[in-house]
Amino acid sequence: MIKSNLAMVLKGALAVFVLLAFSNQASFAQVQGDTVSIEFNEKLPKDPRVATILSAVFPGAGQVYNEKVWKLPIIYGGIATNLYFIEFNNRRYQLFRDELRKFDQGDPALSFPNLNRDALARNVDFWRRNRDLNFVVFGVIYLLNIVDAQVDAHLSGFDISDDIGMIFEPSYETLTAGGQLVGVSLKLKF
């Protein structure tokens, strides 16, 4: 039952990613006899609001919307790594917390018999701090995912054609006070 539900969720997520990847491509199709010709027109700029909402609801969906699918392994790799360290630090925290409780109750069966109470308390604080810091890192990864999708959508309409150029020219100007100015001007062409 659980495996079938998980498979349905994965298929649904894959379908959403595929539909998002092809949703903003303006296309034109012609049918002539037995042949169909499809022409893809210029890509439309992405809507930053849509990209932000998609990334906030489902991390990585904004990147798929922006057609930057190569960023997904980075996002999910960061999330998976961070979740591993949260779980690892929590396990160590619970181990030393239980050990500290045993020490306070006078239980002779200690896993770390050579540590005193202060050392056990320092270990409890250390592993709890590391676990809590990883929750903060998780939030930062989530926010960076959203910011990346929004900035990428904003820049999707930015012109990066080959017409951009920079020209140095001599400059000769007459000042209103009666003087003349000779120099070099820098002109940007785009």
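Trainee: I would like to begin with one side chain and learn how to read its accessibility: what is the relative accessible area of Y84, and how should Y84 be classed?

Mentor: Y84 has a relative accessible area of 46%, which makes it partly exposed, because that class lies between the cut-offs of 20% for buried and 50% for exposed. Keep in mind throughout that we are reading a predicted model.

Trainee: Which aromatic partners does Y84 have, and how does one read the geometry of the pair that Y84 forms with F85?

Mentor: One reads two quantities together, the distance between ring centres and the angle between ring planes, and planes over 60 degrees apart count as edge-to-face. A search of the whole structure finds five aromatic pairs. In the pair of Y84 and F85, the centres are 5.3 Å apart and the planes stand at 70°, so the arrangement is edge-to-face. The rings of Y84 and F88, by contrast in their class, are stacked, because their planes are at 20° with the centres 6.3 Å apart. As for their accessibility, F85 is partly exposed at 38%, and F88 is partly exposed at 26%.

Trainee: Where do Y84 and F88 lie in the fold, and how many residues separate them?

Mentor: The general idea is that an α-helix has 3.6 residues a turn, so residues three or four places apart point the same way. Here, Y84 and F88 both belong to helix α4, where they are four residues apart, or about one turn of the helix. Their setting extends to other rings, since Y84, F85, F88, F126 and W127 form one aromatic cluster.

Trainee: How does one read the length of such a helix, and what span does α4 reach?

Mentor: The idea is to set the distance between the end C-alpha atoms against the span expected at 1.5 Å a residue. The 34 residues of α4 reach 49 Å from the first C-alpha to the last, close to the expected 50 Å. For α5, with 38 residues, the expected span is 56 Å and the end C-alpha atoms are 56 Å apart, which agrees.

Trainee: Which residues of these two helices are buried, and against what do they pack?

Mentor: In α4 the buried residues include L72, I75, I79, N82 and I86, and further along the helix Y93, F96 and L100; the buried residues of α4 pack against α3 and α5. In α5 they include L120, V124, W127, R131 and N145, and the buried residues of α5 pack against α2, α3 and α4.

Trainee: Which residues make up the largest nonpolar core?

Mentor: Six residues form that core, namely Y93, F96, L100, L120, V124 and W127, and α4 and α5 each supply at least two of the core residues. V124 is a useful place to look, for V124 touches Y93, F96, R97 and L100 when residues up to four places away in sequence are not counted. Y93 has a further neighbour of interest, as R131 lies over the face of Y93, at 4.8 Å from the ring centre. Elsewhere, K46 lies over the face of Y65, at 5.7 Å from the ring centre.

Trainee: Is N145 buried or exposed, and which residues does N145 touch?

Mentor: N145, which lies in helix α5, counts as buried because its relative accessibility is 2%, under the cut-off of 20%. Not counting residues up to four places away in sequence, N145 touches S55, P59, G60, Q63 and I75.

Trainee: What should I look for in the backbone around α4, and where do positive phi values occur?

Mentor: A helpful habit is to note the residue type alongside the angle. Just after α4, G106 takes a positive phi of about 80°, while E67, a residue other than glycine, has a positive phi near 60°. E67 is placed in the loop between α3 and α4, and at 23% relative accessibility E67 counts as partly exposed.

Trainee: Finally, what is the mean pLDDT of the chain, and which elements have the lowest and highest means?

Mentor: Where pLDDT is low, the predicted coordinates should not be read in detail. The chain has a mean pLDDT of 83, with 74% of its residues at 70 or more. Among the elements, strand β1, residues 27-32, has the lowest mean, 54, and α5 has the highest, 96. The protein chain as a whole contains five helices and four strands, follows the pattern α-β-β-α-α-α-α-β-β along the sequence, and has 21% of its 190 residues counted as buried.

Definitions and conventions: Residues are numbered from 1 along each chain as its sequence is written. Side-chain values use heavy atoms; hydrogens and water are left out. A nonpolar core is a set of buried Ala, Val, Leu, Ile, Met, Phe, Trp, Tyr and Cys residues joined through side-chain atoms within 4.5 Å. Buried means under 20% relative accessible area, exposed over 50%, partly exposed in between (1.4 Å probe, protein chains only). Contact means heavy atoms within 4.5 Å. The expected span of a helix is 1.5 Å times one less than its number of residues. Rings of Phe, Tyr and Trp (its six-membered ring) pair if their centres lie within 6.5 Å; planes under 30 degrees apart count as stacked, over 60 as edge-to-face and the rest as tilted. A charge sits over a ring if NZ of Lys or CZ of Arg is within 6 Å of the ring centre and within 35 degrees of the ring normal. pLDDT is the predictor's confidence in each residue, from 0 to 100.
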